[in-house]
Amino acid sequence: MGERTTTPSGLSASEELLARTFEHWREEFRSILENHRREIQDRLEKIEREIEKKSDKENVEVLVRSIYSDLHRHAEEIDRLHARVGSKMGTETMWKIVGLVLTIGSTIGGLVGFLIHLLLKVNP
């Protein structure tokens, strides 16, 4: 039969070839699996970022709605205060006008009284 040549590792040439082939395939499979693992990890990270964005977007929408409701409530309070101040200012303004008219009337009345007094003194 044929002579069997052995290599320094103690394997025949064909066994050495098979061992190298299997080792090469194992390295390729490991590389393929590692690439798949990285791709899956990248996809998972992308999905997590999208979920966070959606979560952030939902949180932002909740905050915006809350701010709008606060602004609406404050606008209503401002309108009520404005109405109260307007009616109060109307009342205060009316009393100020009444006071001014009375002051002017008293001044004119005092001046007319003084003039009458002078006329009566001059023309007895």
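I began with D70 and R73, which both lie in helix α1, three residues apart, about one turn of the helix. The model I am reading is predicted.

**Around R73**

I looked up the contact between the two side chains. D70 forms a salt bridge with R73, and the closest N and O atoms are 3.0 Å apart. I then asked for a second contact on the arginine. The side chain of R73 also meets that of E77 in a salt bridge, at 3.9 Å from N to O. That distance still counts, because the cut-off for a salt bridge is 4 Å. E77 and R73 are four residues apart in helix α1, again about one turn of the helix.

Next I checked exposure for these residues. D70 is partly exposed, with a relative accessible area of 29%. R73 is partly exposed at 40% relative accessibility. E77 has a relative accessible area of 32% and is partly exposed.

I moved on to shared partners among the salt bridges, after E77 and R73. E34, R37 and R38 are joined into one network by salt bridges that share partners. I noted the total as well: a search of the whole structure finds six salt bridges.

**Residues 22 to 26**

I went to R26 and E23. Their side chains meet in a salt bridge, 2.8 Å from N to O. R26 and E23 are three residues apart in helix α1, so about one helical turn separates them. R26 is partly exposed, with a relative accessible area of 41%. E23 counts as partly exposed too, at 32% relative accessibility.

Then I searched for aromatic pairs. The count comes to one. The pair is F22 and W25, and its geometry is edge-to-face: 5.6 Å centre to centre, with 75° between the planes. The label follows because planes over 60 degrees apart count as edge-to-face. F22 and W25 are three residues apart in helix α1, which spans residues 13-122, so they are separated by about one helical turn. I also looked up W25 for exposure. W25 is partly exposed, with a relative accessible area of 44%.

**A nonpolar patch**

Which residues make the nonpolar surface patch of about 600 Å²? I listed V60, L63, V64, I67, Y68 and L71. I took V60 as the residue to check. V60 has its place in helix α1. V60 is partly exposed, with a relative accessible area of 46%. That value lets V60 join a patch, because patch residues need over 30% relative accessible area.

**Annotated regions**

I turned to the UniProt record, an unreviewed entry, for its features. The record places a "coiled-coil region" at residues 30-57. In the model, residues 30-57 are 100% helix and 0% strand. The end C-alpha atoms of that span lie 40 Å apart.

The record also lists a "transmembrane region" at residues 97-120. I checked the model there as well. Residues 97-120 are 100% helix and 0% strand, with the end C-alpha atoms 34 Å apart.

**The whole chain**

I closed with the totals. How many helices and strands are there in the protein? I found one helix and zero strands. The protein has 124 residues, and buried residues make up 2% of them. Buried means under 20% relative accessible area, so D70, at 29%, falls outside that class. The accessible surface of the protein comes to about 11600 Å². Carbon and sulfur atoms account for 65% of that surface.

Conventions: Residues numbered from 1 in each chain as written. Predicted model: local features only at pLDDT ≥ 70, side-chain atom pairs only at ≥ 80, totals over all residues. Heavy atoms only, no water. UniProt positions renumbered as here; feature names shortened; annotations may be inferred. Helix = DSSP H or I, 4+ residues; strand = E, 2+ residues; numbered from the N terminus. Buried < 20%, exposed > 50% of the residue type's maximum accessible area, 1.4 Å probe, protein only. Areas by Shrake-Rupley, 256 points an atom, 1.4 Å probe, with all protein chains shown as cover. Phe/Tyr/Trp six-rings, centres within 6.5 Å; stacked < 30°, edge-to-face > 60°. Patch = residues over 30% accessible without salt bridge, like charges linked within 9 Å, V, L, I, M, F, W, Y side chains within 5 Å.
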